[in-house]
Amino acid sequence: MKKLFEKHNNWFFKTGFVITVFMVTLVVIGQIWTPYDPAAMDAAAKAQGPSLAHFMGTDNFGRDLFSRVLEGAGATLIIAFFVVLLGAGLGTLIGALTGYFGGVVDEVLMRICDALTAFPSVLLALIILAILGPGRLNVIGVLGLVFIPSFARIVRTEFARIKKLNYVSLAKLQGVPTGRILLRHILPNIMPVLLPAISIGFNNAVLAEASMSFLGVGVSASEVSLGRMLSDSQNYILRGLPWYAIFVGLTIVLLILGFSLLGEGMRQEE
Amino acid sequence: MKKRGIALLLTALMLLGLTACGGQKDPTGGTKAPTGADARKAANEINVGIAQDLSSSLGPYQLATAGTREVMFNVFEGLYKVDPSGDFKPALATDHTVSADGLVYSFTIREGVKYHNGAVMTAQDVIHSFKTCAESSVDSSIKKILANVKDLKEESGKVVMTLEKPDSDFLAYVSSVYISPAAYTEQDTKPVGTGPFKFVSRTVQDSVVLERSDAYWGEKAGLNRITFKIFENITAMMTALEAGSLDLACHLDTTQVKGLSKEYNVLEGSMNLVQALYLNHEYAPLKDIRVRQALNYAVDVDAMLKLTAEGHGHKLGTSIYPAFKKYFDESLVDAYPYNPEKAKSLLAEAGYANGFKLTITVPSNYTPHVNTGMVLAEQLKAVGIEAGVQEVEWNTWLTDVYQGHKFEATVCGFDASTLTANALLGRYESTSSKNMCSYKGTQFDAFLKEALATTDDSRRTELFKSAAKCLSDDAVNVYLQDLAEYVAIRSTLKGFTFYPLYVLDLSKVTY
């Protein structure tokens with residue numbers, strides 16, 4: 001940890017770190033304990049502004065907003081985590097293989113990636129989700145898929161660059177197995193590029209999930225997520241409940257701001 | 001590098017804007033609203049917001065959805081026409097006589113009535129209309145009633161109908177057989193009727209325009225022109241309303257009218273719908289009456305009303321809403337009082353002690369149904385049922401749920417196409433094509449069949465009431481409420497009237 005800070009000694013990284021740790025801690029706590037049951041409706045406490053009892057106020061069903069924001073942020077983060085896992089995992093695999101070996105496979109896979117990139121990713125995700133229907137797993141699958149090309153491209157470039165370096169050629173001559181060269185010799189050396197990409201990817205995933213749910217094709221109506229809440233809240237902005245949208249929007253802003261700054265900070269140092 | 005940081009911050013802040021620019025943009029340009037509204041007043045025209053597009057065909061016998069019927073009510077007319085109190089008043093007929101045995105109806109046709117295309121209405125048109133309707137109506141209950149007409153002929157300017165067996169509700173059906181010119185073939189796209197407004201144009205998914213018919217036989221409409229604007233997203237509709245580009249919006253709920261500017265008056269009425277948690281009896285757990293009773297006990301309608309509508313709305317108990325005074329049975333309202341313990345024990349008895357999965361599919365464009373679904377899901381979870389809400393688009397709902405029966409449960413509202421008990425109960429007959437729930441009630445079928453065959457009015461009413469009670473006894477669905485509805489109307493407009501049917505009569509609205 002200390003090493004990380006020494007390596008990235010800039011304000012982007014520090015601020016991003018503080019915000020992210022704060023938000024993630026809140027969300028983790030939210031998974032274990034929330035002040036109220038996030039789903040419990042209460043007709044007596046409908047549509048209230050912030051108060052001592054309800055720190056962020058309540059929504060149109062009298063549900064505690066703070067509890068729901070915690071729960072929703074959790075759901076959004078979990079989705080984002082798996083989206084990045086899927087996108088970065090498969091992207092790295094494809095990028096590594098195509099970058100290292102080149103050839104026909106490289107051509108074919110990269111043209112597919114081109115095709116995917118050429119099509120607006122949000123629109124693509126929207127179309128697939130509209131066909132598959134809403135739901136957490138579908139969102140993860142679709143967004144993960146959409147995220148693959150960007151990771152594949154970054155990783156491929158790095159692998160193609162590093163494979164020409166002398167130490168890799170030497171390792172090859174020494175008869176080091178190809179798998180080992182890929183994993184132990186090259187992969188660690190692309191981390192300075194991959195880590196910021198993952199951080200930015202995370203930030204994009206949070207945003208993408210929020211957008212999908214906001215447009216009604218993300219998580220289903222009875223699931224909680226930040227995008228879903230934002231979409232529900234818009235009916236009440238002008239109906240005496242602006243807090244709803246403000247708090248949910250603020251949570252999204254803080255989440256992605258944290259990740260963006262982290263990613264930016266990691267990139268700064270080079 | 002610093003620039004990038006700033007750009008990043010700005011992007012993040014722009015997210016806040018996401019909430020503001022969600023729905024469609026108001027097509028007429030929000031900022032010019034006041035002049036727009038004034039201009040409309042000067043031109044004596046209004047814009048009306050509606051929540052869904054009309055059916056693909058606008059033909060008089062093809063009005064598949066309630067939303068289409070309420071608009072076309074202004075264009076088409078039958079021999080008789082319902083009035084706001086639920087009585088039938090002569091329209092295209094000036095009067096009618098019924099033979100002593102109740103079998104022969106003879107209608108005197110109003111003379112000199114002109115269609116919107118200029119043609120003059122004749123007795124032959126009436127006969128043709130009844131025949132076409134009997135053959136091709138999308139409403140199977142009307143088709144069935146008209147099949148009872150064994151002879152239809154013109155006799156010295158009168159149209160005489162002879163029934164197979166007497167039917168005391170016949171006039172109600174007569175009023176929903178719209179009269180259209182026999183020689184005209186473009187009803188699907190350019191409907192022509194005799195009503196106070198004539199159809200001008202339709203832009204799919206955008207708008208429908210009607211204009212006053214100056215040749216109208218009765219009291220002419222007050223407005224020159226009505227534009228129905230379609231907003232499948234309720235937020236977009238409310239935004240348009242607030243921006244002043246709409247003058248009238250119906251079927252709103254309490255939250256939507258709350259905080260509406262002073263430019264609008266808010267009128268409270270009743271939607272004349274049977275809102276229920278409709279259950280698919282083909283879905284394994286719901287086949288068991290004990291499970292359905294458990295659902296009825298698990299649902300707390302009062303709490304739901306408080307959460308979704310500040311307590312407004314009429315509780316029902318069966319598929320009859322209060323405007324049907326004759327058939328509404330107050331005692332059924334609390335047939336299944338809220339009792340989660342009883343629900344749990346019934347579930348256990350039926351072998352679902354650990355609950356079961358229940359997806360409640362709701363049409364996403366109807367906020368009241370979505371909200372009701374959300375509350376019900378929570379109430380059902382409390383007795384151990386894994387309930388979830390799934391929003392689908394209106395068209396998907398129509399094809400998958402309504403026609404395809406691909407659902408477990410759904411929250412929606414059914415209206416009555418005519419002011420007869422059969423319009424609300426007919427859909428539950430085992431053989432009905434509209435039997436979305438796949439309910440098979442032998443007792444119910446028997447009551448309904450007998451009711452339709454009975455001529456004595458009080459006996460008939462009793463039978464319909466017994467049939468309605470069957471729906472409650474068999475816990476066919478979780479009957480909830482007739483929703484309180486609110487109409488937002490520009491304060492300069494007057495003459496808006498509520499009907500006991502799902503119609504929107506704009507002929508009496510004036511500036």
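Which domains does the domain assignment of chain B give? In this predicted model, the assignment divides chain B into domain 1, made of residues 33–75, 195–270 and 484–511, domain 2, covering 77–174, and domain 3, covering 274–482. Domain 1 is thus written as three stretches of chain B, while domain 2 and domain 3 are each given as one. Between the C-alpha centres of domain 1 and domain 3 of chain B there is a separation of 30 Å, and the two domains meet through 13 residues of domain 1 that are in contact with 16 residues of domain 3. On the domain 1 side of that meeting, 7 residues are nonpolar, 3 are polar and 3 are charged.

Within chain B, one can look next at an open sheet of 6 strands, whose order is β14-β18-β13-β17-β15-β16 and whose pairing is mixed. At the edges of this sheet stand β14 (314–315) and β16 of chain B, and because each has a single partner strand, one side of each is left without a neighbour in the sheet. In general, the strands of a sheet pair through backbone hydrogen bonds, in either a parallel or an antiparallel manner. Strand β15 (residues 357–363) of chain B and β16(B) run parallel and are joined by 7 bridges, and B:L358 has B:A387 in β16(B) as its bridge partner. Across β15, β16 and β17 (409–414) of chain B lies helix α13 (residues 394–403) of chain B, which runs at about 130° to β15(B).

Several single residues of chain B help to fill in the picture, and B:L58 is a convenient place to begin. This leucine sits in the loop between β1 (45–50) and α3 (66–72) of chain B, and B:L58 counts as buried because 23 other C-beta atoms lie within 10 Å, where 20 or more are required. Once its neighbours within four places in sequence are left aside, B:L58 is in contact with B:M72, B:D188 and B:P191. B:Y80, which is 22 residues from B:L58 in sequence, is 20 Å from B:L58 in space, C-alpha to C-alpha.

Is B:K150, by contrast, buried or exposed? B:K150 is placed in strand β6 (residues 149–155) of chain B, and this lysine counts as exposed because it has 11 C-beta neighbours inside 10 Å, the limit for that class being 12 or fewer. Apart from neighbours within four places in sequence, the contacts of B:K150 are with B:T162, B:L163 and B:E164. Measuring from C-alpha to C-alpha in the model, B:K150 and B:E45 are 45 Å apart in space, with their positions 105 residues apart in sequence.

Two further residues of chain B draw attention through their backbone angles. B:N272 has a phi near 55°, which is a positive value in a residue other than glycine, and B:N272 is found in the loop between β12 (264–270) and β13 (274–279) of chain B. With 23 other C-beta atoms within 10 Å, B:N272 is buried. B:S438, also not a glycine, has a positive phi of about 55°, and the loop that holds B:S438 runs between α14 (421–425) and α15 (442–453) of chain B. B:S438 is partly exposed, having 14 other C-beta atoms within 10 Å.

Turning to chain A, the reader finds 10 helices and 0 strands. The C-alpha atoms of chain A fill a box of roughly 75 × 45 × 30 Å along the principal axes, and buried residues make up 49% of its 270 residues. Of the contacts in chain A between residues at least 6 apart in sequence, 71% join residues at least 24 apart. One of the helices, α5 (residues 121–132) of chain A, has 12 residues and reaches 16 Å from its first C-alpha to its last, close to the 16 Å expected at 1.5 Å a residue. After α5(A) comes A:G133, whose phi is positive, near 90°.Finally, the two chains meet in a contact that takes 29 residues from chain B and 31 residues from chain A. On the side of chain B that touches chain A, the elements giving two or more residues are α1 (2–20), α7 (234–242), α10 (301–309), α12 (367–381) and β16 (386–392) of chain B, and α1(B) gives the most, with 9 residues. By class, this side of chain B has 14 nonpolar, 9 polar and 6 charged residues. The edge strand β16 of the open sheet is therefore also among the elements that touch chain A.

Definitions and conventions. Residues numbered from 1 in each chain as written. Chains lettered and ligands numbered in written order. Predicted model: local features only at pLDDT ≥ 70, side-chain atom pairs only at ≥ 80, totals over all residues. Helix = DSSP H or I, 4+ residues; strand = E, 2+ residues; numbered from the N terminus. Contact = placed C-beta atoms within 7 Å. Domains from an automatic or database assignment. Nonpolar A, V, L, I, M, F, W, Y, C, P; charged D, E, K, R; others polar. Expected span 1.5 Å × (residues − 1). Pairing = 2+ DSSP bridges. Axes fitted to C-alpha atoms, helices over the stretch in contact; angles between N-to-C directions.
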